[in-house]
Amino acid sequence: MSNNDGSKEDRMGTVQSVNRALQILEILARDGERGVTEIAGQLDVHKSTVSRLIDSLAERDLVEQHESRGKYRLGVGVLRLAGATTARLDVVQEARSLSRSLAAVTGETVNLAVLSEGAALYVDQVEAASAVQSHNWVGQRIPLHATSNGKVLLAGMSDDEVRAVLTEELPAYTTRTMTDVVDVVAQLAGVRHDGYVVVVDELEHGLSAVAAPVRNIHGDVIASMSVSGPTFRFTAELVDRARTELVRCAVEVSRRLGWRDLT
């Protein structure tokens, strides 16, 4: 009983600390600079509590102390977090019109995905007017090794990075899922060379897709664009047409983000 109560108290204390830390960030965002005493007064807590929280935030560069005045302000860590979000929003914004045209040309669904916590996170989806699509992938994370978008994102890494991300025992979702890391790494060499990948029935039976990379100004793969639909419609003719248009659109999105192909 006492152990459970203690765990509950610990959780409540952690939540309270997180809330106060967020309040500190909000105060600094609103006021620009504030001292420990001023922050403590606004939060109605002891100065030692604020000092402890500020120390934790400073360790992650979320706040910094002004050398001459001794007051605190937001740090560069906030810019790093905001930059990651901005980059993600930029990709969606720049890709949207091209995704619409790609969906119209292929008659299939176009998805945009980014790497997130060891998975592919879908950040945008455009359906063709003629496509029968009941599943909205936006906001969902899917496995890297069993999807076209995931494999494109993996192909943007080095082989050593891929091995670090993928576990030795990759789960099988269908009989066609690649579950051997060695096989996946070997396939990625072809993805890098070809600039696209076609995946058939690896995540779900009856679902196929072709994907290509979206790059930033430095040439890094920051997203993957795909055309997906029912396997029975993914004939060789459709795959060839979708691949050509997809690669063209992915390159155009990359150029809009500052990338220049110097090869």
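A cavity is a set of grid points where a 1.4 Å probe fits but cannot get out, whereas a pocket is an open set. With that in hand, here are some exercises on this predicted model.

**Exercise 1. Find how many cavities of 30 Å³ or more the chain holds, and describe the lining of the largest cavity.**

Start with the count: by this rule there is one cavity of 30 Å³ or more. The space in the largest cavity is about 160 Å³. Next, look at what surrounds that space: 16 residues line the largest cavity, and Y122, T147, L203, L207 and A209 are the closest to its centre. Now trace the lining back to the fold. Helix 5, strand 7 and strand 8 each supply at least two lining residues, and strand 7 gives the most, with three. Finally, sort the lining by class: eight residues are nonpolar, seven are polar and one is charged.

**Exercise 2. Work out which elements line the second largest pocket, and which gives the most.**

First, the size: the second largest pocket has a volume of about 290 Å³. Its lining has 17 residues, with V191, R192, G195, P213 and R215 nearest the centre. Two or more lining residues come from each of helix 5 (148-155), helix 7 (181-194), strand 7 (207-215) and helix 8 (236-256). Helix 8 gives the most, namely four residues. By class, the lining of this pocket holds ten nonpolar, four polar and three charged residues.

**Exercise 3. Identify the residues of the largest nonpolar core that touch the most other members, then follow V214 outwards.**

A bit of background helps here: in soluble globular proteins, nonpolar side chains tend to be buried together. In this chain of 263 residues, 41% count as buried. The largest nonpolar core has 27 residues, and L102, L112, V214, M225, V227 and L246 touch the most other members. At least two core residues come from each of helix 4 (76-106), strand 3 (109-116), strand 4 (119-126), strand 7, strand 8 (221-230) and helix 8. The largest share, seven residues, belongs to helix 8.

Now take V214. Setting aside neighbours within four places in sequence, its contacts include L112, M225, A250 and V253, along with D220 and S254. To finish, check for another core: a second, separate one has 24 residues, including V152, M157, V162 and L166.

**Exercise 4. Summarise the chain as a whole.**

Count the elements first: the chain has eight helices and eight strands. Then turn to the outside, where the accessible surface comes to about 14,500 Å², with 50% belonging to carbon and sulfur atoms. Last, consider contacts between residues at least 6 apart in sequence: 54% of them join residues at least 24 apart.

Methods. Residues numbered from 1 in each chain as written. Predicted model: local features only at pLDDT ≥ 70, side-chain atom pairs only at ≥ 80, totals over all residues. Heavy atoms only, no water. 1 Å grid on protein atoms, 1.4 Å probe; cavity = no way out; pocket = protein on both sides within 12 Å on 5 of 7 lines; lining within 4 Å. Points joined across faces, edges and corners; volume = space filled by probe spheres on them. Nonpolar A, V, L, I, M, F, W, Y, C, P; charged D, E, K, R; others polar. Core = buried A, V, L, I, M, F, W, Y, C linked by side-chain atoms within 4.5 Å. Buried < 20%, exposed > 50% of the residue type's maximum accessible area, 1.4 Å probe, protein only. Contact = heavy atoms within 4.5 Å. Areas by Shrake-Rupley, 256 points an atom, 1.4 Å probe, with all protein chains shown as cover.
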